[in-house]
Amino acid sequence: MTASPSAGPEMDLVTLGQRLRHLRKSKNMTLEQMSEAVGRAPSQLSMIENGKREPKLSVLQAIAAALGVPLQDLLRPEAPSRRAGLEIDLAHLQRETAYASLGLPVVRGGPRLPTDALEALVGLHRELGRVLAEQSATPEVARKANAQLRVDMRDRDNYFPEIEAAAVKVLQSVRYTTGPLSQRGILDIAASLGFSLHYVNDLPGSTRSVTDLKNRRIYLPQVASGKGHDPRAVVLQTLGHFVLGHNDPSDYGDFLRQRVEANYFAAALLMPEKFAADFLREAKADRALAIDDFRDAFGVSYETAAHRFTNLATHHFGIPVHFTRVHENGTVYKAYENDGVRFPSDVTGAIEGQPICRKWASRTIFQADDPYSSFYQFTDTSAGTYWCTVHIESTRSGEFSVTVGTPYEHARWFRGGDTTRRTVSRCPDPDCCRRPPADLVHRWAGSAWPSARVHSHLLAALPPGTFPGVDNQDVYEFLDRRA
């Protein structure tokens, strides 16, 4: 037995229902009268008018005949009136996942609902959608926020006196004197701030730590994550949020700012300004500034030492600098500059995800005979000549070059400032390193079809939520287990 055709897959049932109700009432017909005319129960017709049932074509033809209108009048896509349009919008908006997740009741847009209340509800729904779209934004929003944050950091030479002062106050509270900050010292700092540390094996996978503010407990993984995170830094970053008075991030830009400030606070504790600046001052006097020596003196990672150097170099010694963290495939992951170097950027001003010039030290180190030894290079660019010192760090995501650079005239203060290694970069001129040589183009143009390794995170929206990427249910269930 063949089923009768329906109104069709393209039909908007809510709009159809509104048109049926509008035309029925304009003919002064009740549901019961319509029921008698078409041979269908009033309850069935009510469900059609409420957009909850898709009618068969034969039913629509009977309704059109009863109303004395052409069938196409029932199937027109526009709302029959402004009021009906608002009711249609409300019905659609309340079916969205975002509204359903709130657990609020569905409001019927019937005649008893005043028009101004209907307009207010539709407006609130649209604003809810806009806010959620910002919270679960495209990567473009993140790039813009990161670009603005980098501008703010450059304007202050990446030096935050208020965070330096907060770190000094904390160190004084535990009678810290000198030398690398020990695990005992970190426990003392946590206790002085009213927190206890607890190492567990069931921390939610999307977190590096979880803080129970009710009971003043900080939960940390029993085993280091293996992603290059210094376990001391994780604790100090967590404490930094509370010392610096951070509230729940208001948007993604605020989230990034808080993360930068917490990282800065942790570095200021691991490498206190007074002792770090004294160490660098002596090295500068000997013309032997070296990031690896700075790293070893305070027992931190090379990247932490490089970041900390950018905090102090310009403020204390007038040395402008730039910093990059570049993947072995040439993609920029992190960067900072106040020395005029010109990083590649997109139309938003963001540099993350952009390919660095193949002639820059961040790239040439990967072709060096011994890339894991000290590596220094001068690079002539359109913005001037820069000297760089580069170190490779291996991670589960591949190898990264960590670079600290400075203009030519400041290279004399650094170990390796007399290197003879030199390259010329003409980027953004595509003939520098973007456009293949003519002979390669001639041999292979039209004969190559690479299968690109597209990283899905480049296309995905940013994880939603107050703390992007963290599932609140996982966190709350974890805290409930540990309470």
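**Burial, charge pairs and a charged patch**

In this predicted model, His410 is buried, because its relative accessible area is 16% and a residue counts as buried when that area is under 20%. This histidine is located in the loop that runs between strand 8 (398-407) and strand 9 (422-424). When residues up to four places away in sequence are left aside, His410 touches Gly318, Ile319 and Pro320. Leu113 stands 297 residues from His410 along the chain, and the C-alpha atoms of these two residues are separated by 73 Å.

Attention then turns to the charged side chains. Side chains of opposite charge can pair when their charged atoms come close. In the model the count comes to 25 salt bridges, and several of them are described here in turn. One of them is formed by Arg76 and Glu78, whose closest N and O atoms are 2.6 Å apart. Arg76 is partly exposed, with a relative accessible area of 38%, and Glu78 is likewise classed as partly exposed, at 34% relative accessibility.

A salt bridge also joins the side chains of Arg126 and Asp89, with a distance of 2.8 Å from N to O. This pair links distant parts of the chain, since Arg126 belongs to helix 8 (residues 115-135) and Asp89 to helix 6 (residues 82-94), with their positions 37 residues apart in the numbering. Arg126 has a relative accessible area of 49% and is therefore partly exposed, while Asp89, with a value of 27%, is partly exposed as well.

In the salt bridge between Arg422 and Asp380, the closest N and O atoms are 3.0 Å apart. Here, too, distant parts of the chain are linked, Arg422 being in strand 9 and Asp380 in strand 6 (residues 375-381), 42 residues apart. The relative accessible area of Arg422 is 46%, so this arginine counts as partly exposed. Strand 9 is also one of the two strands that flank the loop holding the buried His410. Salt bridges can involve more than a pair of residues, as is the case for Arg21, Arg24 and Glu49, which are linked in a network.

Charged residues appear in another arrangement at the surface, where Asp471, Asp474, Glu477 and Asp480 form a negative patch. Among these residues, Glu477 is found in helix 20, which covers residues 472-482. Glu477 is partly exposed because its relative accessible area, 39%, lies between the limits of 20% for buried and 50% for exposed residues.

Definitions and conventions. Residues are numbered from 1 along each chain as its sequence is written. This is a predicted model: local features need pLDDT of at least 70, side-chain atom pairs count only at pLDDT 80 or more; totals for chains, interfaces and linings use all residues. Side-chain values use heavy atoms; hydrogens and water are left out. Helices (H or I, at least four residues) and strands (E, at least two) are DSSP runs, numbered from the N terminus. Buried means under 20% relative accessible area, exposed over 50%, partly exposed in between (1.4 Å probe, protein chains only). Contact means heavy atoms within 4.5 Å. Patches are made of residues with over 30% relative accessible area and no salt bridge: like charges are joined within 9 Å, nonpolar side chains (Val, Leu, Ile, Met, Phe, Trp, Tyr) within 5 Å. Accessible areas come from the Shrake-Rupley method with a 1.4 Å probe; for residues, only the protein chains shown count as cover. A salt bridge is a side-chain nitrogen of Lys or Arg within 4 Å of a carboxyl oxygen of Asp or Glu. Lys and Arg count as positive and Asp and Glu as negative; His and the chain ends are not counted. The place of a charge is taken as NZ of Lys, CZ of Arg, CG of Asp or CD of Glu.
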